[in-house]
Amino acid sequence: MSYIQIRNIYKVYPPDVLALEGVNFSLEKGEIHSIIGENGAGKSTLMKILYGMVPPSSGEIFINSQEQKITNPNVAIKLGIGMVHQEFMLVPSFKVYENVVLGMEKTKNFGFLDKEKILNELEEITKKFSLAVDLQATTSNLSVAAQQKVEILKLLYRKVDTLIFDEPTAVLTPQETQQLFKEIRNIRDTGKTIVFISHKLEEVLEISDIITVMRRGKIISTLKNENLSKGELAKMMVGKEVMLTVKKVPKEPGKEVFKCENLTVASNKTKINLLSNINIVIRSGEIVGLAGVEGNGQYEIVQTIIGEIYPNHGKIFIEDQNITELPIRKRRRLISYIPADRKRYGLALNAVLTENLAMTHHLGEKLSKFKYIMDWKKAKKFAKDLINQYNILSRSINDVPKSLSGGNQQKLIVAREFSLDAPFLLLDQPSRGLDVGSIEYVHNVILEMREKGKGILMISADLDELLSMCDRLYVVRKGEIVAELDPKIHSKEEVGEYMLGAKL
């Protein structure tokens, strides 16, 4: 019998969303088992049930042939199951070892932390699993990749046997991804089980022993990773052929659409520069990418362009208009904006689809009766047309975004923003968290905007996306532009070296 068995699991979210339908899934010791599927396929829900974050509607879980009720993550940890989330759960001001032992502190006389014993134990774990991390470092000073190691170390310290990784490479460079894969294999080789959830099919094929494909709440297939291709996996996931390569026709760029000159932004607290002399030029019919390890200035560049932050120095122009001092509302007439966090900034999750699609459009005259009064009849027709045009899967215009899958939420934002007819498109992680089918769709729409002569700035943590979609590429590191590259000439590995500072 398998080490872990999930039997006949159903999960229904009120009122009638069937997330999992009779799922049977098993894990063996000492394997790397990947789970892939479209957004809403049920892969994250299944693992959240195993980790005790979500209760099943029905079904059983067996560990070592014993039925278990996993009611919360603490129970899961005691049963040897841990999860490394996309968003790390670390205290930035703590040292690494303090974060690792938090909640399981070993103490000596009078309740003081037994630092020596803890450090000795952690040193043994880091050596055993080949996890190079400075235990005495302050967590906030670590790179994203190093913070991920701290999360892994937390689970190994708690002696878990199964580690679930949810999109672990989303914010890593190619070099950091290869290092993580080496560490994952080391952990597997000690007899532990790895569950790997990812949208990146080439990574799934590289790291997995077993691959399970899910679609619409069911398991379609579980396969040994032998002679499989990306195309085969994508077809199983989506149910039809998927174009995995971007068809981008050569295009001569036109006039300058966007320019920022010597953009400098200092921290309000420390007065240290977060951005230093950023110069970016984007022309009509051109997609320009911005690459960098997360936290190196991308956020501040986006916030300064959209108007959430005003620069200490420098200027921003769109079509010869100086927008440096303009308020957000006036900028929005010139900028179509897809934010990185669709749930917090892109959508009003509890407002109906008509209201979400009408946002920003209501500032013009397209949807108004008189100058300031919304014409809801026009707004509803506008929403229906966009839902049909962008193939947004919903029951009606009165649905709310939180009832849609991640892919359809993203389509909702794309539909609203790309129908604004602004000259400049600011795309921050436009395909983050999307499956291959949704990514293909979003990429095609972006390329249509390029054909229409829009100037496009694309920020992405996915270097494959940037290299395939962009005409030029800037690399940002520590708040400075360190390189301008041609995607046709430079490889993913070279871009990663500039991002890490290994190449100057």
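**View 1. Six strands line up in an open sheet.**
In this predicted model, the strand order is S6-S7-S8-S3-S9-S10, and the pairing is mixed. Look at the two ends: S6 (81–84) and S10 are edge strands with a single partner strand each, so one side of each has no neighbour in the sheet. Going from one strand to the next, the twist averages 20°.

**View 2. Strands S6 and S7 run parallel, and helices pack on the sheet.**
Here we zoom in on one end of that sheet. S6 is joined to S7 (residues 162–166) by four bridges. To find your way around, look for Val 84, which stands opposite Phe 165 in S7. Helix H5 packs on the sheet and touches both S6 and S7, with its direction at about 170° to that of S6. Helix H6 (residues 174–189) packs on the sheet too, touching S3, S7 and S8 (193–197). The direction of H6 makes about 145° with that of S8.

**View 3. S1 and S2 make a hairpin.**
Now for another pair of strands. S1 covers residues 4–13 and S2 covers residues 17–27; they run antiparallel, joined by seven bridges. Three residues sit between the two strands. Ile 4 has Leu 27 of S2 as its bridge partner. Both of these residues turn up again in the next view, as contacts of Leu 50.

**View 4. The largest nonpolar core has 78 residues.**
In soluble globular proteins, nonpolar side chains tend to be buried together. Which residues have the most contacts inside this core? They are Met 47, Leu 50 and Leu 122. The helix that gives the most to the core is H5 (residues 144–157), with nine residues. Take Leu 50 as a close-up: setting aside neighbours within four places in sequence, it is in contact with Ile 4, Ile 6, Leu 27, Ile 61, Ile 70, Ala 76, Ile 81 and Ile 164. Another core, of 47 residues, lies apart from this one, and its members include Leu 425, Ile 439, Leu 447 and Val 475.

**View 5. Helix H8 turns several residues to the inside.**
H8 spans residues 230–238, and its buried residues are Leu 233, Ala 234, Met 236, Met 237 and Val 238. What do they pack against? The list takes in three strands, S3 (32–37), S9 (210–215) and S10 (218–224), plus two helices, H7 (201–207) and H15 (436–451). Just past the end of H8, Gly 239 takes a positive phi of about 90°.

**View 6. Helix H9 is mostly covered.**
Of the nine residues in H9 (298–306), eight are buried. They are Gln 298, Glu 300, Ile 301, Val 302, Gln 303, Thr 304, Ile 305 and Ile 306. A glycine follows this helix as well: Gly 307, just after H9, has a positive phi of about 105°.

**View 7. Ser 431 sits in a loop and meets Glu 465.**
The loop in question runs between strand S17 (424–428) and H15. Is Ser 431 buried or exposed? Ser 431 is buried, with a relative accessible area of 9%. Its side chain makes a polar contact of 2.5 Å with the side chain of Glu 465. Leaving out neighbours within four places in sequence, the residues in contact with Ser 431 are Gln 410, Ile 439, His 443 and Glu 465.

**View 8. Cys 260 and Cys 470 stay unpaired.**
A disulfide is a covalent bond between the sulfur atoms of two cysteines. How many turn up in a search of the whole structure? Zero. For Cys 260, the nearest cysteine sulfur is that of Cys 470, 16 Å away. That is too far for a bond, so Cys 470 cannot pair with Cys 260 here. Cys 260 is buried, at 2% relative accessible area, and Cys 470 is buried too, also at 2%.

**View 9. Ala 483 lies in strand S20.**
S20 covers residues 480–485. With a relative accessibility of 10%, Ala 483 counts as buried. Not counting residues up to four places away in sequence, Ala 483 touches Leu 473, Tyr 474, Val 475 and Tyr 498. Ser 276 makes a handy reference point: 207 residues separate it from Ala 483 in sequence, while their C-alpha atoms are 14 Å apart in space.

Notes. Residues numbered from 1 in each chain as written. Predicted model: local features only at pLDDT ≥ 70, side-chain atom pairs only at ≥ 80, totals over all residues. Heavy atoms only, no water. Buried < 20%, exposed > 50% of the residue type's maximum accessible area, 1.4 Å probe, protein only. Contact = heavy atoms within 4.5 Å. Core = buried A, V, L, I, M, F, W, Y, C linked by side-chain atoms within 4.5 Å. Disulfide = S-S within 2.5 Å. Polar contact = N/O pair within 3.5 Å; in protein donor to acceptor, adjacent residues only side chain to side chain. Pairing = 2+ DSSP bridges. Axes fitted to C-alpha atoms, helices over the stretch in contact; angles between N-to-C directions.
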